[in-house]
Amino acid sequence: MNAVPDLKLDFPLRDLNTFGIAARAKAYVRIRSVEDLKAVRADPTLSGMPRLVLGGGSNLLLTRDFDGLVLHMTRTGITIAGEDETYRYVTALAGENWHSFVQWTLAQGCPGLENLSLIPGTVGASPIQNIGAYGSELADYVDAVTAFDFSTGDTFTLDASACRFAYRDSVFKHELRDRAVICSVRFRLPTQWQPNLRYAELAAEISAQGLSEPTPQQVSEAVIAIRRRKLPDPAQIGNAGSFFKNPVVSAAQRDALLSRYPALVSYPQSDGNYKLAAGWLIDQCGWKGRSMGQAGVHEKQALVLVNRGGATGAEVLALARRIVDDVQQRFGVTLEPEPVVI
Ligand SMILES: Cc1cc2nc3c(=O)[nH]c(=O)nc-3n(C[C@H](O)[C@H](O)[C@H](O)COP(=O)(O)OP(=O)(O)OC[C@H]3O[C@@H](n4cnc5c(N)ncnc54)[C@H](O)[C@@H]3O)c2cc1C
């Protein structure tokens, strides 16, 4: 049996979450292989502890010390796994940095993921909430996900349909929660590439740069430029990106809201419902730029909550709850947090 590698006790997590919240884990292990996961599972003490699988900590709000075991996914590696007429297949291990992986695919002449440039975090976490941005979603490019099952000790592979991807959702947030540790993701990237400029702001950025036939790298650079303008850099001010999901409402509810608020920002969905811009709702409640203690709402983007320095997770959560209450009272719409709250 393998020994559990690198076990550390009472481990500080402040540098491992992009909110920069000071919290500690009872135990911490760096996971560099499936054998490491097997060793943890075989250990009578560790296997009984609550587990938190950690990638880049960019979709996480720690409101307390974690009284359990952190499994930090750090194994990296990328391989081109084959090609057919329609797709090139690329496999990346869970600990790969997402943005570096996207840039790697572009440098190899395998476009497709460019609209998802500069999203923080790891490849292993990308299927969990089906990361998306600028008119593109991870689900469109996943061929299969391979994970370790803590309940059986086996490794299994799901194809994209079995992952049940939806808006910021997947099977890994439901039946497989607390059970599956994603070890690698195989992507299928189109051999016939077309730029995806459905998102108006991205199309405007490309056209402002005078690019009529942008390359994948130019689309990636345009996405990076927009994101740098709009979103705070966690290295400068702690945050976890969008703190709330955009709520989805029925057409009737959207029409009723639109008659009262003609400037309401909403997007039609394929099932007839409408997605509302959560940032607009929060902004209308007057929260943009405000703070409660050291937790605040970003000045440029009402959807992003920030740590103004030394905020506790409880402070951030209290602020989030006030915002949820205000939006509920004013619009009758319930906001849900996007990050995982511990
Ligand atoms: C500035 C900023 C901008 C952002 N922009 C976007 C955006 O445009 N679109 C978007 O979708 N998200 C965005 N995010 C959120 C975040 O980057 C993504 O959700 C990302 O996929 C999280 O990756 P991570 O490795 O940091 O995950 P973590 O924060 O470490 O973990 C998140 C969740 O996934 C689980 N998890 C992590 N790795 C694994 C694994 N290998 N196996 C099983 N479970 C695992 C964790 O247990 C936790 O529940 C943004 C965040 C920030 C800070």
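## A tour from the ligand to the helices

Begin by selecting the ligand in this predicted model together with the 34 residues around it, of which Val 53, Gly 55, Gly 56, Ser 58 and Thr 122 come nearest. If you colour this shell by residue class, you will find 18 nonpolar residues and 13 polar ones, with three charged residues making up the rest.

Next, show the strands while keeping the ligand in view, and pick out β3 (51-54), β8 (132-133), β12 (180-190) and β13 (238-242), each of which supplies at least two residues of the shell.

Now turn to the polar atoms of the ligand and display the backbone of its neighbours. An oxygen atom of the ligand lies 2.7 Å from a polar backbone atom of Gly 55, and selecting Pro 120 shows a polar backbone atom 2.9 Å from an oxygen atom of the ligand. At Ile 182, the partner on the ligand side is a nitrogen atom, which is 2.8 Å from a polar backbone atom of that residue. Switching to a surface display, note that the ligand on its own has 980 Å² of accessible area, and that the protein covers 93% of this.

Leave the ligand and select helix α2 (residues 98-107) along with α4, whose axes come within 10 Å and cross at roughly 155 degrees. Angles over 145 degrees count as roughly antiparallel, and α2 is therefore roughly antiparallel to α4. The crossing of this pair is left-handed.

Finally, keep helix α4 (residues 216-230) and replace α2 with helix α3 (residues 200-208): the axes of α3 and α4 are 10 Å apart, and the two helices pack at an angle of about 115 degrees. The pair α3 and α4 is therefore roughly perpendicular, and α3 and α4 make a right-handed crossing.

Conventions:
Residues numbered from 1 in each chain as written. Predicted model: local features only at pLDDT ≥ 70, side-chain atom pairs only at ≥ 80, totals over all residues. Heavy atoms only, no water. Near = heavy atom within 4 Å. Polar contact = N/O pair within 3.5 Å; in protein donor to acceptor, adjacent residues only side chain to side chain. Areas by Shrake-Rupley, 256 points an atom, 1.4 Å probe, with all protein chains shown as cover. Helix = DSSP H or I, 4+ residues; strand = E, 2+ residues; numbered from the N terminus. Nonpolar A, V, L, I, M, F, W, Y, C, P; charged D, E, K, R; others polar. Axes fitted to C-alpha atoms, helices over the stretch in contact; angles between N-to-C directions. Parallel < 35°, antiparallel > 145°, perpendicular 65-115°, else oblique. Left-handed = near helix turned anticlockwise from the far one by under 90°.
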